[in-house]
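Please read this briefing alongside the sequence and the coordinates. The points below are grouped by topic.

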Amino acid sequence: MQTVTKETVLRCLQANKQELLSDWMKQLKTKTDDPHAQQIFMNGNDMFELFIESLLDQEHVLNEKISIFALKIAHQRVEANINIGDFVFNVNCGRAVILKFALTLQLELDELQLFVDRLNSCFDQFLYYSVSHYSETQNNIIKEKTQFIDSTHKDRLTLLGQMTSSFIHEFRNPLTSIQGFIQLLKAEHSDMKYLDIISNEIEQLNFRISQFLLLSKKELIGKEKIVFSLNDLIEEVLIFLYPSILDGKVKTIQALAEDIYLEGYEDEIRQVFINIIFNAIDVLSPDRINPIIEIRTLKVDDKVKVDIENNGPQIPDNLVSTIFEPFFTTKTLGTGLGLFVCREIIEKHRGTLTCTSETSKTVFSILLPIAKRNHN
């Protein structure tokens with residue numbers, strides 16, 4: 001752009017600045033509760049001045065000024081909680097007003113092209129910096145809120161753990177006494193009715209108590225890790241659940257690798273298998289046609305993968321990621337702790353528990369390290 005033409009353009013811009021800014025402000029999308037509403041006109045004026053500087057070939061100085069100005073505007077827009085689309089629209093309204101004015105100056109084609117290039121460069125840089133700062137600030141806010149929610153959630157679980165640990169240990173003592181007296185009654189009155197039912201119900205209550213105890217992260221005194229056969233454990237669980245399997249008319253299929261031993265708390269791993277398989281039986285009966293539960297084990301390097309698959313209804317995608325959360329349940333009388341405790345147990349044994357669900361099948365996959373020492 002020639003010097004004389006540049007000076008003419010600059011004079012024209014300065015002379016018409018108030019009118020151009022007024023046209024710009026009339027087109028803006030604004031919020032009535034914008035805390036920076038009174039500064040919008042001044043911000044437009046500052047942007048206008050930055051563009052005028054861009055016509056003076058001070059690019060290296062201008063870039064820094066645009067970045068600083070964009071950071072200030074981004075913080076204001078975050079505080080105003082403005083839609084980022086509205087913000088981009090407002091900035092481009094200013095660009096369009098200036099471009100429309102340039103077309104009235106009757107510049108030569110190459111001069112007009114240079115003017116448009118400077119205009120676009122200035123406004124594009126401003127948008128780039130401001131939207132980047134805006135997005136970064138919003139992401140930081142979201143991150144802080146997420147951390148706060150996670151912290152609050154963990155604090156609640158910690159408090160729950162402390163409460164349940166104290167309560168459960170007090171609750172176990174009378175249960176142990178009741179179970180002991182039931183055994184005495186069985187020995188003295190073997191034909192007495194209902195003792196088996198009472199004993200079984202107490203065992204179920206103990207099972208629920210164990211779930212809460214595991215939730216509280218407390219270990220039972222004197223409890224030791226042992227090496228045990230995975231195949232034998234699965235067989236025990238299926239025998240234990242046989243009445244439910246028979247009642248639900250569920251077909252079970254096993255495809256088990258040989259000679260796999262695990263090291264850990266056998267009763268806890270047994271609880272995991274009972275819980276997952278029983279849940280599968282529950283979703284399969286009584287209306288599912290040809291209900292099947294398939295249990296597969298596969299060695300993967302120094303680990304074993306256990307897949308427990310059922311052909312029950314699909315778990316919705318939005319629930320698959322939440323079924324392991326504490327207190328989440330779809331059952332009317334469910335505690336929402338079963339799968340959460342299962343995952344806690346598996347992770348305590350340095351493993352993982354995941355779930356995938358499709359229209360024709362749902363699979364719970366357990367990955368556990370194989371015992372390093374030999375089974376005696």
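Tyr194 counts as exposed, because its relative accessibility is 58% and the cut-off for that class is over 50%. In this predicted model, Tyr194 sits in the loop that runs between helix H6 (109–188) and helix H7 (195–215), and together with Ile197 and Ile198 this residue makes a nonpolar surface patch of about 330 Å².

**The chain as a whole**

- The protein chain contains twelve helices and seven strands, and of its 376 residues 41% are buried.
- The protein chain exposes about 22400 Å², of which 55% is supplied by carbon and sulfur atoms.
- Among the contacts in the protein chain with a separation of 6 or more, 74% come from residues that are 24 or more positions apart.

**Helices H5 and H10**

- Helix H5 (84–102) has 19 residues that should span 27 Å at 1.5 Å a residue, and the distance of 28 Å between its end C-alpha atoms agrees with that expectation.
- At the start of H5, a side-chain oxygen of Asn83 comes to within 2.6 Å of the backbone nitrogen of Gly85.
- The buried residues of H5 include Phe87, Asn90, Val91, Cys93 and Gly94, and further along the helix Arg95, Val97, Ile98, Phe101 and Ala102 are buried too.
- Helix H10 (residues 266–284) also has 19 residues, and the 27 Å from its first C-alpha to its last is close to the 27 Å expected at 1.5 Å a residue.
- Because 14 of the 19 residues of H10 are buried, this helix is largely enclosed by the rest of the structure.

**Asparagines with positive phi**

- Asn81, which lies in the loop between helix H4 (59–80) and helix H5 (84–102), has a phi near 55 degrees, a positive value in a residue other than glycine.
- With a relative accessibility of 52%, Asn81 counts as exposed.
- Asn290, found in the loop between H10 and strand S4 (292–300), likewise has a positive phi, of about 50 degrees, although it is not a glycine.
- Asn290 is exposed as well, since its relative accessible area is 51%.

**Surroundings of Val250**

- Val250 belongs to the loop between helix H9 (242–247) and strand S2 (251–255), and this residue is buried, with a relative accessible area of 8%.
- When residues up to four places away in sequence are not counted, Val250 touches Ile245, Ile281, Leu284, Pro291, Ile292 and Ile293.
- Although Val250 and Arg288 are separated by 38 residues in sequence, their C-alpha atoms are 9.3 Å apart in space.

**Surroundings of Asp307**

- Asp307 lies in strand S5 (residues 303–310), where a relative accessible area of 12% makes this residue buried, given that the class requires under 20%.
- The side chain of Asp307 makes a polar contact, at 2.7 Å, with the side chain of Ser365.
- Leaving out residues up to four places away in sequence, Asp307 touches Glu294, Ile295 and Arg296, and also Val363, Phe364 and Ser365.

Notes: Residues numbered from 1 in each chain as written. Predicted model: local features only at pLDDT ≥ 70, side-chain atom pairs only at ≥ 80, totals over all residues. Heavy atoms only, no water. Patch = residues over 30% accessible without salt bridge, like charges linked within 9 Å, V, L, I, M, F, W, Y side chains within 5 Å. Areas by Shrake-Rupley, 256 points an atom, 1.4 Å probe, with all protein chains shown as cover. Salt bridge = Lys/Arg side-chain N within 4 Å of Asp/Glu carboxyl O. Helix = DSSP H or I, 4+ residues; strand = E, 2+ residues; numbered from the N terminus. Buried < 20%, exposed > 50% of the residue type's maximum accessible area, 1.4 Å probe, protein only. Expected span 1.5 Å × (residues − 1). Contact = heavy atoms within 4.5 Å. Polar contact = N/O pair within 3.5 Å; in protein donor to acceptor, adjacent residues only side chain to side chain.
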